[in-house]
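User: I am new to this structure and want the reasoning behind the labels. Please set each value against its cut-off.

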Amino acid sequence: MLMAATICFAAKQGSEDIISVTQHNIKNDGTPIGAALNELIKRSYGKTVYFPAGCYNLTEPIILPLDYVKNVNLLLDKSAVVKSDSHLEALLKVGYSEMKITDRSHRRFSYIEGGVFDCENADNGILLNGLKQMVQLRNLSVVKGHKTHIRIEVTDENGTSSSDTKIDNVTIHGFSSAEESYGIYIDKKCCDCKISNTFIYATKYGILTKSAGHIINNVHILSMYTTGGKTNGAEGVFAGTQGIRFETGGFFLLNEVYFDTVDKSVVIAGSYNPAIVMDKCIYYSYRDNFGTAFIYKEKRNDTKKFQAKISNPVIEARNPGYKIFDLSPRIILQDAEHNLTFVNATIRRARNLSPICPSLMMRMRGQTHDVLRNKPAEYDEKWYTLGAIAPGYSSNRLLITFNSDTAYGLNVNFDGKSLDYNYKKQSRKAANIHFKLIEKEGYCIVLFKPSKKAVFYPEITDLTGSGNFMGTPDKGKSYTPADYGIPNC
């Protein structure tokens, strides 16, 4: 803020390196601005152009040069609004003039700072050519977009693949998550972006990326709609919303990302296999009966490996059947390298979690022992569910302890196609219990039925260490086959 204040003061004093647009007959009273603003930009290469408070009504996009030796920075007063009453491709195009880079050794950061970009009548709020590396967008707002608020693309795919764009302390405010609108759209050949301290509101897609290597830190993505936006009914506004959509492979780092009332937090499109490391991320919905998945693999039958390393998340499941991992069971089967991990999780409203969500696997939680009830409970002579088993190449040897007298050994071989199992009492005094295993949605559901009413405190111990057993989500209830979608058992 001190730097901004210094620049503003210098602009008012007429510094040779600071150009105030209002001192060059550019109107800030909402009067349409023609070509004069871009002519001033061309006369200001190597300098900073300052926009005092007011309304700048464009008739053509502001265009900044690509060549580093001709860098032009933009500094806008916090009360400066850039808009257009006519339809434009973008309000601001960065790197779309002086397209030849004469000397790459002059590469240096340039920036756009401050102000509000009202892109209601623009396809893009800010359009950035990724060939111009190291552009900073900071301390600004891009609002009212029906399409894309910030778009990073390249004009020549033979150029560098790393844009190194930095987006910091930016507010993006769309009209509605019921429209095909994007907060930040990163196209191909635009790797290594840094997005931090940013709030993305009322867009269908918070961030869509077709390039890798991004670091996303302290970002809040909230689905909603505002006055002037489409509603499609109360449910239609939020349906299909996506927090971060990956249409590429490569690696990504997400830290303290808050997915707020988003249908699917992270979506992996097609057959892409990114490596995603997530720490201290949050999912919450302020709407009941809403939310599909935290990690969603769009192509359901695709088994190509990808990595999702999730640690220290806070997830509140408000919709019955919510899945932390919504993907093909075959991906679990092939995960010998433990590409999918989910540790130190805080799950709120666990009763709404799908009982066949892979996040319940012992392997995900780094455990070999699971308690299915938080206190002893009475079980009648009917079928109950102990949990499920994810498909694997190795056998599962489970010790199931019901109380101090009754324990059973259960051996299961299940690879997602064939199922074979047997069970045996561990002592003569053990009560008679029957077991039944049923395949459902690519998983094996484990059922048991006591021969007579009894009080049990079920515990499961994995004796082989395969970790494929999936305990029940809510430790406060006894699960039945109906909870797993198995009728008439």
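User: In what order do the five strands of the open sheet lie, and is the pairing parallel or antiparallel?

Analyst: This is a predicted model. The order is S30-S39-S33-S34-S35, and the pairing is antiparallel.

User: What makes S30 and S35 the edge strands?

Analyst: Strand S30 (369-371) and strand S35 (419-425) each pair on one side only. On average, neighbouring strands of this sheet are turned by 20 degrees against each other, direction ignored.

User: How do you know that S34 and S35 pair?

Analyst: Two strands pair if there are at least two bridges between them. Strand S34 (residues 407-414) is joined to S35 by seven bridges. The two therefore count as paired. They run antiparallel. In this pairing Gly409 stands opposite Lys424 in S35.

User: Which way do S12 and S14 run, parallel or antiparallel?

Analyst: Parallel, with seven bridges joining strand S12 (residues 135-143) to strand S14 (residues 166-173). Val143 has His173 in S14 as its bridge partner. S14 is also joined to strand S16 (residues 194-201) by six bridges, again parallel. There, Asp168 stands opposite Ser196 in S16.

User: Why is Cys55 in no disulfide?

Analyst: A disulfide needs two cysteine sulfur atoms within 2.5 Å. The closest cysteine sulfur to that of Cys55 is in Cys119, 14 Å away, so it is too far for a bond. For Cys281, the closest one is in Cys357, at 16 Å, which is also too far. The search of the whole structure finds zero disulfides.

User: Why is Cys281 called buried and Cys55 partly exposed?

Analyst: Buried means under 20% relative accessible area, and exposed means over 50%. Cys281 has 1% relative accessibility, so it counts as buried. Cys55 has 23%, which lies between the cut-offs, so it counts as partly exposed.

User: What makes Arg151 buried?

Analyst: Its relative accessibility is 18%, under the 20% cut-off, so Arg151 counts as buried. Arg151 is found in strand S13 (residues 148-153). Leaving aside neighbours within four places in sequence, its contacts are Asn124, Ile126, Leu127, Leu128, Tyr185 and Asp187.

User: Why is the link between Arg151 and Glu153 called a polar contact?

Analyst: The cut-off for a pair of N or O atoms is 3.5 Å. The side chains of Arg151 and Glu153 make their contact at 3.0 Å, so the distance fits.

User: How do you know that Lys305 and Glu337 form a salt bridge?

Analyst: The side-chain nitrogen must lie within 4 Å of the carboxyl oxygen. For Lys305 and Glu337 the N to O distance is 2.9 Å, so the pair qualifies. The pair links distant parts of the chain, 32 residues apart. Lys305 is in the loop between strand S24 (293-297) and strand S25 (307-311). Glu337 is in the loop between helix H4 (329-333) and strand S28 (340-343). Lys305 is partly exposed at 39%, and Glu337 is partly exposed at 47%.

User: What parts of the chain do Asp370 and Lys475 tie together?

Analyst: Their side chains meet in a salt bridge (3.2 Å, N to O). Asp370 lies in strand S30 and Lys475 in the segment after strand S40 (469-470), so the tied parts are 105 residues apart in sequence. Asp370 is buried at 5%, whereas Lys475 is partly exposed at 23%.

User: How many salt bridges does the whole structure hold?

Analyst: The search finds 27. One of the linked groups is a network of Asp288, Glu316, Arg318, Arg348 and Arg349.

Definitions and conventions
Residues numbered from 1 in each chain as written. Predicted model: local features only at pLDDT ≥ 70, side-chain atom pairs only at ≥ 80, totals over all residues. Heavy atoms only, no water. Helix = DSSP H or I, 4+ residues; strand = E, 2+ residues; numbered from the N terminus. Axes fitted to C-alpha atoms, helices over the stretch in contact; angles between N-to-C directions. Buried < 20%, exposed > 50% of the residue type's maximum accessible area, 1.4 Å probe, protein only. Polar contact = N/O pair within 3.5 Å; in protein donor to acceptor, adjacent residues only side chain to side chain. Contact = heavy atoms within 4.5 Å.
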